[in-house]
Amino acid sequence: MTHALIVDDDVDSAAMLSELIALQGLTVATANSLRDARKQLALQTPDLVLLDLRLPDGSGMDLFSDPELLADSEVVLITGHASLETSILALRLGAVDYLVKPVTLKHLQGLLSRVTKPAVLKAEVAGLTANLASTGNFGQLWGRSPCMLRVYEQISRVAGSGVTVFITGESGTGKEVVAQTIHELSRRRKMPFLGVNCGAISPNLIESEIFGHEKGSFTGADRQHQGFFERAAGGTLFLDEITEMPMDLQVKLLRVLETGRFMRVGATQSQETDVRIIAATNRSPMQAVAEGHLRVDLMYRLNVFPIEVPPLRERLSDVPLLAGRFLRLIGEQEGKEKTFSPEALAQLSAYHWPGNVRELRNAVQRAYVMAPGGTIDTQWLPHPSGWPPAQPAVSTETAAPVLRSPEPAPAATAPDAPGDAVVLPVGISLADAEQKLILATLEHYGRQKERTAAALGISLKTLYNRLKQYAADDKS
């Protein structure tokens, strides 16, 4: 039977927690000081320790000074208020989560349902690490390069905890796969993993989609709708492209992270939520803050444990492994196996991959379709000088607008400008400058949207949203 130990100098609080835990079918012991806690730990090793940091004879932190004392116990801090400092402290000490006083039955039940001995999670991570050399994968992630080994180490460290994770990296690097791997190695693995692309939802609907709405709360709301926070209850909510979320909604998200409560659109009462948040962006968080795309207080609240996913060009040694993996999956789907020639693998490993792993997957699929026989050669693969080979390489002027004198420049590309340049008059609005740059880049790549998105450093969904917006503006 699962055994819990409550370490809290507040006798009434400890007694209440003890009764609630006992009602859930666990055995429970209490301790009101460090001395009593050490005695209880010596008598019986608990599966779960609920630990208050402020005790009459010292700090709860002192129990972590002996690594063996809590080695087989899952430690959850009890705190009077949730804060960024508490989250960081919980992770550094080895705690997996924290409860905010007063502890509610719903949060306690969620916590108890996820109790897992640390040894079990450590064994799973050890198994993945041991097989990495032979299989080349860590969960759903593939690669053996040093930069990916660092990512695996970070995932191993944070997966078992309940803290918020902020994943950064270029579009197409696999940020959602990192989030899924964290979820699958966490105590929430049996509950839902829900991924939400904040840039793919209309600004008019995103609040309703995330928090839900009540029937009749707005025109067209003919029934009650559960939002992502409710649908991911007990599991993990992955907020991709968090910098695309409207600023007013970022304020409400920050409130949810700090209080653990949210409110449906049109509701009069808030409700508790029990989800782990993992956020991601393809922008630099500090740059997003400077540009007004991300609130600084939300950035610090999300950035408890940052993980940066490297671009594919920084781990080209993983390209043959990834390409082979994609080719096997396609072969299984199509019912016909194909292989790469040595020259094809060499050419793939020499390419820059501005679209990262997503571009590699698409390139492998195209080559599979176009190759007539069972061996894929270099003919249908991207060439280091550009993709397709006949197209010139991207000029450095493509990525950054060229600022000239303030003479009018109504077109995205001026007639007297170099072929790869975008001329912008001084004083043009940022929105107009962005539109001209996006449209000019789209034309430069022959309206190939994935290549355009990769060159601009945005996701394909964001590009589609921008183009849809421009089309709507032209009609109005």
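Partly exposed residues have a relative accessible area between the limits for buried (under 20%) and exposed (over 50%), computed with a 1.4 Å probe and protein chains only. The model shown is predicted; local features need pLDDT of at least 70 and side-chain atom pairs count only at pLDDT 80 or more, while totals for chains, interfaces and linings use all residues. Residues are numbered from 1 along each chain as its sequence is written, and side-chain values use heavy atoms, with hydrogens and water left out.

**View 1. Salt bridge between Glu443 and Arg447.** A salt bridge here is a side-chain nitrogen of Lys or Arg within 4 Å of a carboxyl oxygen of Asp or Glu. The structure contains 16 of them. In this pair the N to O distance is 2.4 Å. Arg447 is partly exposed at 46% relative accessible area, and Glu443 is partly exposed at 48%.

**View 2. Network of salt bridges linking Glu244, Arg283, Glu291, Glu434 and Arg466.** Helices (H or I, at least four residues) and strands (E, at least two) are DSSP runs numbered from the N terminus. Between Arg283 and Glu244 the closest N and O atoms are 3.4 Å apart. Arg283 sits in the loop between strand 15 (276–281) and helix 11 (285–290), and Glu244 in the loop between strand 12 (236–240) and helix 10 (247–259), so this salt bridge ties together parts that are 39 residues apart in sequence. Relative accessible area is 22% for Arg283, which is partly exposed, and 21% for Glu244, also partly exposed. A salt bridge also joins the side chains of Arg466 and Glu434, at 3.4 Å from N to O. Because Arg466 belongs to helix 19 (residues 460–475) and Glu434 to helix 17 (residues 430–444), the pair ties together parts that are 32 residues apart in sequence. Arg466 is buried at 16% relative accessibility, whereas Glu434 is partly exposed at 35%.

**View 3. Surroundings of Pro118 in helix 5 (residues 118–135).** Pro118 is buried, its relative accessible area being 12%. Leaving aside neighbours within four places in sequence, Pro118 has contacts (heavy atoms within 4.5 Å) with Ala71, Asp72, Ser73, Glu74 and Arg187. The C-alpha atoms of Pro118 and Asp47 are 8.9 Å apart, with their positions 71 residues apart along the chain.

**View 4. Open sheet of 5 strands with parallel pairing.** The strand order is 11-12-15-10-16; two strands pair if DSSP finds at least two bridges between them. Strand 11 and strand 16 (305–308) are at the edges with a single partner strand each, so one side of each has no neighbour in the sheet. From one strand to the next the twist averages 20°, where axes are lines fitted to C-alpha atoms (for helices over the stretch in contact) and angles run from 0 to 180 degrees between N-to-C directions. Strands 11 and 12 are paired in the parallel sense through 5 bridges. Val196 has Leu239 of strand 12 as its bridge partner.

**View 5. The largest nonpolar core, with 29 residues.** Such a core is a set of buried Ala, Val, Leu, Ile, Met, Phe, Trp, Tyr and Cys residues joined through side-chain atoms within 4.5 Å. Phe229, Leu237 and Ile242 have the most contacts inside this core. Elements that each supply at least two of its residues include strand 11 (193–197), helix 8 (206–211) and helix 12 (296–302). Helix 10 gives the most, with 5 residues. Not counting residues up to four places away in sequence, Leu237 touches Leu194, Val196, Phe228, Phe229, Ala232, Arg276, Ile277 and Ile278.
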